[in-house]
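Good morning, colleagues. Please take a moment with the structure on the screen before I turn to one residue, two pockets and some helix packing.

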Amino acid sequence: MPLMVQDYSWTQSESMIYISVPLKGKKAGNVDIFATDEYLKVNFPPFLFEIFLFEPIDDDKSVAKIGDGVVIFSLHKKSVGLWEQLSLKNGDKEKFKEIRERAVLKAQEKSAADAKAKAVRKQEEKKYALQRMMQLEDEQRERIRKIKDEEREKVTAEMEAWKMKQKQEAEKTKAQERQMMDEENKQRKPNQISVPRSTYNKDMAKHGFQKRPDEHKQVILPAPRCSGNIKVHFTPRVFPTALRESRVAEEEEWLKKQTEARRACSTDIPELKDLKEEERNPDWLKEKGNKLFATGNYLAAVNAYNLAIELNRNIPALYSNRAACHLKLRNLHKAIEDSSKALSLLTPAVDNNAEARLKAHLRRGTAFCELELYTEGLQDYQSALKINPHNEAIQADAQKIRHIIQGGPSDFHEENEDQGI
């Protein structure tokens with residue numbers, strides 16, 4: 001038998017009803033709220049709050065918030081005026097049972113209607129996104145073709161110029177060598193070797209050359225070149241931290257994880273069958289989504305990231321970028337889910353993924369604060385400050401959230417989130 005909550009409080013105005021229900025020390029995750037236009041129920045075992053409203057309310061405009069150990073209902077009246085009392089009195093059990101059953105039926109009908117509308121909207125968005133992507137792909141292919149032609153012409157011109165330069169340098173080098181040989185013939189230097197022409201001719205004859213008649217003359221040969229060794233040094237990989245604090249193992253694990261993630265790719269997706277082979281690439285789709293995001297086309301960007309994730313589910317940037325799109329579209333729960341997935345992939349925590357982890361924490365923290373879950377949002381902002389403790393914008397936003405948690409006005413508008421991906 002549940003314990004009925006009686007120590008609740010309520011106030012009203014001409015158009016609003018405010019009800020505060022204490023949670024008796026229970027956590028927000030253990031609270032179940034059910035509400036319709038004429039019935040409210042808050043279940044947090046072993047306690048139960050149930051009330052049959054005196055008059056109907058506007059269920060679509062009314063909200064319930066959980067925080068600081070209480071549930072606060074903000075209910076919009078359907079008809080303006082003051083109520084004589086909050087709940088129905090002296091109602092028989094049959095009437096209350098009828099109200100409960102009617103509330104459950106309304107909730108089921110509303111849920112079914114919302115699901116149907118969501119499915120229709122999703123199908124329309126998907127169809128539009130695919131059409132838009134096909135158009136963008138055609139434009140992109142044309143731009144790539146033009147760029148390739150321009151680059152080909154540029155490289156050809158540079159190659160011809162390089163060949164001409166090499167030819168001029170070779171001719172210049174040969175001229176310098178001939179000049180040096182002429183000077184050596186004119187003046188014998190101390191380090192040169194003089195051998196008889198006969199000896200020179202004998203050596204030349206071994207290789208099939210004819211002897212010259214002037215064997216009595218001397219032949220001047222250059223001195224042998226000095227021998228030596230060439231030392232080659234390889235620069236070892238150096239981490240920015242001291243050896244005793246080095247995270248070489250974590251760095252290597254992260255690099256190995258990234259390599260494996262790039263290899264895990266599946267291309268058996270119907271939406272990609274009309275694309276070229278080089279376009280069936282999660283990196284290509286990621287860049288496509290980034291460009292769509294920059295132009296403000298967030299729905300199309302989400303679809304591009306969706307296809308990239310279908311190809312490879314192990315790239316954290318895809319989830320983090322999709323979370324940024326969901327923030328713009330006010331899909332806050334999806335933004336939290338994608339940011340959490342990105343953070344789970346950004347392990348181990350090393351310098352190479354610090355910037356990506358900071359963005360994921362900020363996006364999840366922003367979504368929490370937009371849902372007025374300021375305590376959870378502050379935790380993400382504090383995690384971001386651990387990564388970049390000198391960022392003044394993040395410090396200011398974190399202080400603003402603390403002020404709201406301590407009872408200040410709820411006017412949080414996050415300004416630190418980057419405008420790009």
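A107 sits in helix 1, which covers residues 93-186. I should say at once that this is a predicted model. Is A107 buried, partly exposed or exposed? Its relative accessibility is 26%, so A107 counts as partly exposed; the buried class would require a value under 20%. Along the chain, A107 and F34 are 73 residues apart, yet their C-alpha atoms are separated by 8.9 Å.

Helix 1 also leads us to the largest pocket, since this helix is among the elements that each supply at least two residues of its lining. The others are strand 7, residues 57-67, together with helix 5 at 298-311, helix 6 at 316-328 and helix 7 at 332-345. The volume of this pocket is about 1,100 Å³. Which residues lie nearest its centre? They are K122, V302, H326, N331 and K334, out of 31 lining residues. By class, the lining consists of 14 charged, 12 nonpolar and five polar residues.

I now move to the second largest pocket, with a volume of about 690 Å³. Its lining comprises 24 residues, and those closest to the centre are I66, G67, D68, E372 and Y374. Two or more lining residues come from each of strand 7, strand 8 (70-77), helix 9 (374-387) and helix 10 (392-405). Which element gives the most to this lining? That is strand 7, with four residues. Strand 7 also supplies at least two residues of the lining of the largest pocket. In the second largest pocket, the lining residues divide into 11 nonpolar, seven polar and six charged.

Finally, let us consider the packing around helix 6. Helix 5 and helix 6 have axes 9 Å apart and pack at an angle of about 155 degrees. Helix 5 is therefore roughly antiparallel to helix 6, as the angle is over the cut-off of 145 degrees. Their crossing is left-handed.

On the other pairing, helix 6 meets helix 8, residues 354-370, with axes that come within 10 Å and cross at roughly 30 degrees. What is the relative direction of these two helices, parallel or antiparallel? Because the angle is under 35 degrees, helix 6 and helix 8 count as roughly parallel to each other. The crossing of helix 6 and helix 8 is left-handed.

To close, helix 6 links two of my topics: helix 6 contributes to the lining of the largest pocket, and its axis crosses that of helix 8 at roughly 30 degrees. Thank you for your attention.

Conventions
Residues are numbered from 1 along each chain as its sequence is written. This is a predicted model: local features need pLDDT of at least 70, side-chain atom pairs count only at pLDDT 80 or more; totals for chains, interfaces and linings use all residues. Side-chain values use heavy atoms; hydrogens and water are left out. Buried means under 20% relative accessible area, exposed over 50%, partly exposed in between (1.4 Å probe, protein chains only). On a 1 Å grid over the protein atoms alone, a cavity is a set of points where a 1.4 Å probe fits but cannot get out, and a pocket is an open set with protein on both sides within 12 Å along at least five of seven lines; lining residues have an atom within 4 Å of a point. Grid points are joined across faces, edges and corners, and a volume is the space filled by probe spheres set on the points. Ala, Val, Leu, Ile, Met, Phe, Trp, Tyr, Cys and Pro count as nonpolar, Asp, Glu, Lys and Arg as charged, and the others, Gly among them, as polar. Axes are lines fitted to C-alpha atoms, for helices over the stretch in contact, and angles run from 0 to 180 degrees between N-to-C directions. Angles under 35 degrees count as roughly parallel, over 145 as roughly antiparallel, 65 to 115 as roughly perpendicular and the rest as oblique. A crossing is left-handed if the near helix is turned anticlockwise from the far one by less than a right angle, and right-handed if clockwise.
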